[in-house]
Each structure stands twice: as C-alpha cells, then as structure tokens.
Amino acid sequence: MKTRIFNLGSHRHYDDNGYLYIDKSPVLKSGVLEYLGSEIMDSDGLVDGVRVDKDKIYKVFLPLEELEKAKDTFNLKPITDDHKWLGVDGEDAKKYQQGMTGENSSIEDGMLYVPLVFTGKEIISDIENGKVELSASYTNSLEKSDNPEYDFIAKDYTGNHIALVDRGRCGSDVRVLNSKINKQEDLMPTKVKNEA
C-alpha cells in the first residue's frame, strides 16, 4: 500500500510519478515592465506610430484590467525550461514542453496566479536546486502613452507558454512558490512576442 505524505505548509507536492505540482504560483504582474526597443518594435521600427530605438529601454505599463481580461488565456499552456516561442509561428511544443499550467487562473494582489505541474526530470531538478523564477510569454498590442511614467500601454494579452528562467523580467515576485507563509514574506521584493 502506497502512502503519500504532503507538507500542508507548502504549495509544492509530488505525485507517485515524481511530477511536481504547485497549487498556484504568480506568472505575471501588472505594473511597469522594461523592454528593449528591439523586443517591441515592428519590422519598420515603429510601435503605434512611434519610432523606437532598438537599443533603448522602454517602459511598458500592464494595467490590472488587461491582466484580468487575459487570465484565462494562460490556462493549460506549456511550461518550458527557458524560453522558446511555441505554436504556429514558433517551435513544436512537444520538443520543449516540460509541464503544463492548470485551469484555475486567478488575480490576487495585482498578479496572475496559475496552478503548475512540472513533469520533466531536468526542470524539476532545476527547481530543487534553486532555479525558481518564472517568465510568461505572450502576444499583445501596444499603445503609445500620454503618461510621463511609461512609454506604452500593453493590451490584449494572449498567453503562449510559461518558462522557468534564471532571471525573469518581473523579478523574484514571479516564481515557483514553496512555503505557505505570511504573504509579505512569501513575495520577496525585488511582444508583439514578449517574455515577462
């Protein structure tokens, strides 16, 4: 008879197959993110009619309401170890997929949370060895901003995949959660095809 022992104080659980389940983890957050011009410009070097410098850093605001609109597009998406654009205009997911997001996405404290399951031995080993930041990959549209705090406003997000990365654009707030502890302690401070 098999017995499973779960740490009730943890978001992380292993099943009999050795797969790593995460009850929920933040994968993207609202706020201002920084992108190189080369990451956001079209083939003419423009963003919403604004000429951008490919080597300059631009500030892009992701409104909370856009995150709320997009949350379900991050359900049942592949998880990869580092980024690789997947799908019709990218690579075949079966070559790179090492897990999957769950179905119950939610917005809490300005962040998008999804359940995660990691199935690849290498990616699970990476997590166990401290590689825990996450980066969402998506398509979106950008509009020029009149606000001096940021250059563009991001809208119409559609999820492509979630990547386990060494350093994500959203910082250590967006990572594979572990212990269920006080929220302030648990959330450490700190395109177009885009990865955040």
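## A lysine over a tyrosine

K24 lies over the face of Y113, 5.1 Å from the ring centre. Keep in mind that this is a predicted model. The strands around this contact are a good place to start: β2 covers residues 20–29, and β10 covers residues 111–118.

## Strand β2 and its two partners

So what does β2 pair with? On one hand there's β10, joined to β2 by seven bridges, with the two strands running antiparallel. If you want a spot to check the register, Y21 stands opposite V117 in β10.

Then there's β1, residues 12–14, which also runs antiparallel to β2 and is joined to it by three bridges. Here R12 stands opposite I22 in β2. The two strands make a hairpin, with five residues between them. Look in the turn for G18, which has a positive phi of about 85 degrees.

How enclosed is β2 by the rest of the structure? Largely so, because seven of its ten residues are buried. As a reminder when looking at any such element, side chains in a regular strand alternate between the two faces of the sheet.

## Aromatic pairs

How many aromatic pairs are there? The count comes to three. One of them is F61 with Y150, a stacked pair with 4.8 Å from centre to centre and 25 degrees between the planes. This pair ties together distant parts of the chain, 89 residues apart: F61 sits in strand β6 (residues 57–62), while Y150 is in the loop between β11 (133–144) and β12 (152–165).

Are the two residues buried or exposed? F61 is partly exposed, at a relative accessible area of 23%, and Y150 is buried, at 14%. The cut-off for buried is under 20%, so the two fall on either side of it.

Another pair is Y138 with Y157, whose ring centres are 4.6 Å apart. Their planes are at 50 degrees, so this one counts as tilted. It also links distant parts of the chain, with Y138 in β11 and Y157 in β12, 19 residues apart. Both of these tyrosines are buried.

## The whole chain

Stepping back, the protein has five helices and 13 strands. It runs to 196 residues, and 46% of them count as buried.

As for the outside, the accessible surface comes to about 10600 Å². Carbon and sulfur atoms account for 46% of that surface.

Notes. Residues are numbered from 1 along each chain as its sequence is written. This is a predicted model: local features need pLDDT of at least 70, side-chain atom pairs count only at pLDDT 80 or more; totals for chains, interfaces and linings use all residues. Side-chain values use heavy atoms; hydrogens and water are left out. Buried means under 20% relative accessible area, exposed over 50%, partly exposed in between (1.4 Å probe, protein chains only). Helices (H or I, at least four residues) and strands (E, at least two) are DSSP runs, numbered from the N terminus. Two strands pair if DSSP finds at least two bridges between them. Accessible areas come from the Shrake-Rupley method with a 1.4 Å probe; for residues, only the protein chains shown count as cover. Rings of Phe, Tyr and Trp (its six-membered ring) pair if their centres lie within 6.5 Å; planes under 30 degrees apart count as stacked, over 60 as edge-to-face and the rest as tilted. A charge sits over a ring if NZ of Lys or CZ of Arg is within 6 Å of the ring centre and within 35 degrees of the ring normal.
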